[in-house]
Amino acid sequence: MMRCTLKSFCVSMIFLLAVSSPAWAQGIAAGSGEVTGNIGFSNLKGVDNGRHVSLGGSGTYNLSELVGVGFEYNYQMMGS
């Protein structure tokens, strides 16, 4: 059982590395920026068992082709 788990882990890591490698091909210029946003709904099992809106956004400033500084913010409307 342990051997099968180790093989699954190795295959998963190789897959994740292969999927993330195209990010190097974007040609990101130093001094550029990126901004994204999202909206969604959550169905939380809590006091009111309702759906709640989720809003978020992020931004990144690229210092060089390989280094960027970014932030991310997400707001979940819970109600009370």
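This passage walks through the fold of one chain, its strands, a few of its residues and a surface patch.

The model is predicted, so local features need pLDDT of at least 70 and side-chain atom pairs count only at pLDDT 80 or more, while totals for chains, interfaces and linings use all residues. Residues are numbered from 1 along each chain as its sequence is written, and side-chain values use heavy atoms, with hydrogens and water left out.

To begin with the overall layout, the secondary structure comes to one helix and three strands. Here helices (H or I, at least four residues) and strands (E, at least two) are DSSP runs, numbered from the N terminus. Going along the sequence, the pattern reads α-β-β-β. Of the 80 residues in the chain, 9% are buried. "Buried" means under 20% relative accessible area, "exposed" means over 50%, and "partly exposed" lies in between (1.4 Å probe, protein chains only). The chain exposes about 6900 Å², and carbon and sulfur atoms supply 65% of that area. Accessible areas come from the Shrake-Rupley method with a 1.4 Å probe, and for residues only the protein chains shown count as cover. As for contacts (heavy atoms within 4.5 Å), take those in the chain with a separation of 6 or more: residues 24 or more positions apart account for 36% of them.

Next come the strands. Strand 1 (residues 33–43) runs antiparallel to its partner, strand 2, over 11 bridges. Two strands count as paired if DSSP finds at least two bridges between them. One of the places to look is G37, whose bridge partner in strand 2 is G57. Strand 2 also pairs with strand 3, again in the antiparallel sense, over nine bridges. Along this second pairing, S58 stands opposite E72 in strand 3, and G59 stands opposite F71. The link between strand 2 and strand 3 is a hairpin, and five residues make the connection. A handy rule when looking at strands is that in a regular strand the side chains alternate between the two faces of the sheet.

Strand 2 (residues 51–62) holds N62, a good residue to zoom in on. N62 is buried because its relative accessible area is 5%. Its side chain and that of E34 are joined by a polar contact of 3.5 Å. A polar contact is a pair of N or O atoms within 3.5 Å; within protein, one must be able to donate a hydrogen and the other to accept it, and residues adjacent in sequence count only if both atoms are side-chain atoms. Setting aside residues up to four places away in sequence, N62 touches I28, A29, A30, G31, S32, G33, E34, V67 and G68.

S54 sits in strand 2 too. With a relative accessibility of 11%, S54 counts as buried. Its side chain makes a polar contact of 3.3 Å with the side chain of N74. Beyond residues up to four places away in sequence, S54 touches N38, I39, G40, N74, Y75 and Q76.

T60 is another residue of strand 2, but T60 is partly exposed, since its relative accessible area is 30%. T60 and G33 are 27 residues apart along the chain, yet their C-alpha atoms are separated by 5.5 Å. Neighbours within four places in sequence aside, T60 is in contact with S32, G33, E34, G68, V69 and G70.

V69, one of those contacts of T60, belongs to strand 3 (residues 68–76). V69 is partly exposed, because its relative accessible area is 48%. Leaving out residues up to four places away in sequence, V69 touches G59, T60, Y61 and L63. From C-alpha to C-alpha, V69 and G33 are 9.5 Å apart in space, with their positions 36 residues apart in sequence.

Over in strand 1 lies S42. S42 is buried, given its relative accessible area of 19%. The C-alpha atoms of S42 and V53 are separated by 6.4 Å, and these residues are 11 apart along the chain.

Finally, there is the surface. L6, F9, M13, F15, L16 and V19 make a nonpolar patch of about 610 Å². Patches are made of residues with over 30% relative accessible area and no salt bridge, with like charges joined within 9 Å and nonpolar side chains (Val, Leu, Ile, Met, Phe, Trp, Tyr) within 5 Å. A salt bridge, in turn, is a side-chain nitrogen of Lys or Arg within 4 Å of a carboxyl oxygen of Asp or Glu. Among the patch residues, F9 is placed in helix 1 (residues 2–20).
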